[in-house]
Amino acid sequence: MMLLLRKRLDALWRQLRGEQRAGARRARRLVTANTPSQAQIHAGLEGLPPDYGRAFTAAPPPREEALETQAAARSALVAAFRGWREGRSAVSVVTGPPGSGRSSMLAAFERQACALDVRVTRLCPQARPDSAAALIECMATSFGLSRPVPPANAPLASKDDAIVDGSGVSGLDSALDALVDGLLAAPKRVVIIEDVQRLFSRRMGMRESHSAFADVLLRTREHCMWVLSAPTLAWARLDALAGFSEIATDKIECSALSSADLRALVLARHAASGLELHLERGEDEAALAPGTPEYDAQLELYFLELHALSAGNPAAAFHFWLLSVGPAADAKALLLHNCPELSLPSIDGLAPQLRLMLVELLVHGGLSANAVAALFQLPPSAARVDLERLRVNGLVTREPSGEYALSVLMHPHVSAALKRAHLLY
Amino acid sequence: MFDDKFVEIVSLANALALAALMAIIAVLLAVYRRLASFAADRLARWRFQILGSVPIVRLIAWVGGTAIGVFGILDPPRDSLIAIAASAGLALGLALQDVIKNLLAGVVMIFQRPFTVGDMVSVGGHYGEVIAMDLNAIRLRTFEDSVVTVPNSLVLNQAVLNSNSGSVNELVATAFTVLGEVDVLHVRRVAAEAAACSPYVFLGSPIIVFVEDRSDRQRMTRFVVKAYVVDVRLERVMSADVFTRITRSLDLPDPCFTYD
């Protein structure tokens, strides 16, 4: 136990320093900017069952296994749901660190609500709305309203609603009214918005979007149950800008997965392969097979290190896991190597603007180069160059959609560094 | 001519020991200053406390070093010590009045702490970040990237404006005046939103916009946007960023821009 604790503290200290292990007993794979992506890893999983990598995708199908730790959060959500069915208004906000199981919990909640014949709508915008009008249109489309929403052409930052049509009502207001009327005329429903921060961005005109969204929620919260979900830091930012917490009726916090949860999650996915897991030892020593106390202790240590490395985020943990496993001498087993090391580029040494870019990417959940350019008032090419610099450092990845987002592998370490620098609050 | 005790005091061995002691103190202080600077860059929240400890440690080190040198190495007889101290004090007091005044003011400032290293202060007509607090003077880095040295006695005898008082965040006022008729409510909203949109603004504190009627011979309205910056070093960057957003959004012909 003491040995484990010492090793754990040692691993944590090394993580804090962001250093590689000098003179390590065995060679460790170094996770750097050049580390292959998960897709590349899947393609190169030689000697492993073809479906093995697929079990460790970043967005696995919703499963019950991750919900064990979220029992309290799930109960709170169900209680809010019952209250809403009894006539109370409900705007539930579910927050938690990335990978804390919010999506799984909401998927399970959705199944539960559907089983009770309650209509559930998920609001998943294809693109980030760039105006209040676009937001209303996006919501109306998601709800499949039969009543057409009038075009909302009100300009950004309208002059105290002075731009009005002949009836004295602005285009935006009438669009809002139509949306609310449409929602109220439709059957009662639960509306789930995952990653609600993706509906908004920090730009001129955002206040109008915030007001429109809050207005819809306030006017329909008895007829519809609104479930908003966001990473904790993103929600804190959104709340600081828009004050959405004031209209929330329930705030539900999901905690990060513990080391034991992560172990159960990873081993459950591994078990689906039907292969044994052997542990690598010294260079000249035979691999450890299950069933011995040494095996259990070493596996425990591996998951402690994996947990520290991934900060409990399964997406990152899966990535590191796939970097750790390889074919074993025994065809019916896989060999687990040491937990990889993370080579963390220096964030403290970055220019202030680059650090603030990381903050914005983190709280927005991803931004295009043009959005970053608008936010920092830079030419798009300059913003792209800055983002590429961050990408070369391995801090940022480029999504297929073209948006830049914080690397899931570096996320906990970047957010910790930004908090230390007092840039995240 | 000299008695044995005096010869013993001013021996080569003592001189070397004193020089070695001073060198060790200087090296240790340089190492401490570098360590403090390294730690302050990484722990922004504690930046001011860490940097503020440098002058205190320096004072303690030099006072302690002097005491060790006098009593531990030279060890003069008490009578000689009193006589030397009295005559040296008189001579130095007369010759180095200003230096001693600055030194004493430096000691007072270390304990009084009107500001600390890293603070943004205005003193003697200069505004900038305090980058060093020495025993005789403070050094400021202005926004023009010049280093201004202000004697401690001058600092102690003047009003000192401290913008952030040891906090990483600082209230920044971005003031501008709009000439002619203007929709005040609209400009006020745009100004508040421009501040909220700026990535340099600290959102943990409220953003306030003040409006003043400054009409004289023509209609003039002055707006002051007050918001906190995420880091005092970005004060001017934030102010410029907020103002640019306002002018781009309002598209007015002649806003007059001044820093408060």
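**View 1. A nonpolar patch on the surface of chain B.** Welcome to a stretch of surface where B:Leu92, B:Leu96, B:Val99 and B:Leu103 together make a nonpolar patch of about 300 Å². A patch here is built from residues with over 30% relative accessible area and no salt bridge, joining like charges within 9 Å and nonpolar side chains (Val, Leu, Ile, Met, Phe, Trp, Tyr) within 5 Å. Areas follow the Shrake-Rupley method with a 1.4 Å probe, and for residues only the protein chains shown count as cover. This is a predicted model, in which local features need pLDDT of at least 70 and side-chain atom pairs count only at pLDDT 80 or more, while totals for chains, interfaces and linings use all residues. Residues are numbered from 1 along each chain as its sequence is written, chains are lettered from A and ligands numbered from 1 in the order in which they are written, and side-chain values use heavy atoms, with hydrogens and water left out. One member of the patch, B:Leu92, sits in helix α4 (residues 78–95) of chain B; helices (H or I, at least four residues) and strands (E, at least two) are DSSP runs numbered from the N terminus. B:Leu92 counts as partly exposed because its relative accessibility is 43%, where buried means under 20% relative accessible area, exposed over 50%, and partly exposed in between (1.4 Å probe, protein chains only).

**View 2. Chain B as a whole.** Stepping back, you can find eight helices and ten strands in chain B. Chain B has a radius of gyration of 26 Å, well over the 18 Å that the globule rule gives for 260 residues, so chain B is more spread out than a compact globule. That radius is taken over C-alpha atoms, and the globule rule is 2.2 Å times the number of residues to the power 0.38. Along the principal axes, the C-alpha atoms of chain B fill a box of roughly 90 × 40 × 25 Å. Of its 260 residues, 39% count as buried. Chain B exposes about 14100 Å², of which carbon and sulfur atoms supply 61%. Contacts, meaning heavy atoms within 4.5 Å, tell us about the path of the chain. Among those in chain B between residues at least 6 apart in sequence, 62% join residues at least 24 apart.

**View 3. Helix α5 of chain A and its surroundings.** How many residues does helix α5 of chain A have? This helix (residues 132–143) has twelve, and it reaches 17 Å from its first C-alpha to its last, close to the 16 Å expected at 1.5 Å a residue; the expected span is 1.5 Å times one less than the number of residues. Buried residues in α5(A) include A:Ala132, A:Leu135, A:Ile136, A:Met139 and A:Phe143. What do the buried residues of α5(A) pack against? Their partners in chain A are β3 (119–122), α6 (171–185), β4 (189–193), α7 (206–220) and β5 (224–231). Just after α5(A) comes A:Gly144, with a positive phi near 60°.

**View 4. Salt bridges in both chains.** Side chains of opposite charge can pair when their charged atoms come close. Counting each case of a side-chain nitrogen of Lys or Arg within 4 Å of a carboxyl oxygen of Asp or Glu as a salt bridge, there are 24 over all chains. In one of them, A:Arg398 pairs with A:Glu388, their closest N and O atoms being 2.8 Å apart. A:Arg398 belongs to strand β11 (residues 396–398) of chain A and A:Glu388 to helix α14 (residues 380–392) of chain A, so this pair ties together parts that are ten residues apart in sequence. A:Arg398 is partly exposed at 43% relative accessibility, and A:Glu388 is partly exposed at 21%.

In chain B, B:Arg139 bridges to B:Asp134 with closest N and O atoms 3.7 Å apart. B:Arg139 is partly exposed at 33% relative accessibility, as is B:Asp134 at 24%. Another bridge joins B:Asp145 and B:Arg141 at 3.6 Å between the closest N and O atoms; B:Asp145 is exposed at 60% relative accessibility, whereas B:Arg141 is partly exposed at 38%. Back in chain A, salt bridges link A:Glu110, A:Arg122 and A:Glu194 into a network.

**View 5. A:Leu309 within chain A.** Is A:Leu309 buried or exposed? A:Leu309 has 0% relative accessibility and counts as buried; its place is in helix α10 (residues 293–310) of chain A. Chain A contains 15 helices and twelve strands, and 50% of its 425 residues count as buried.
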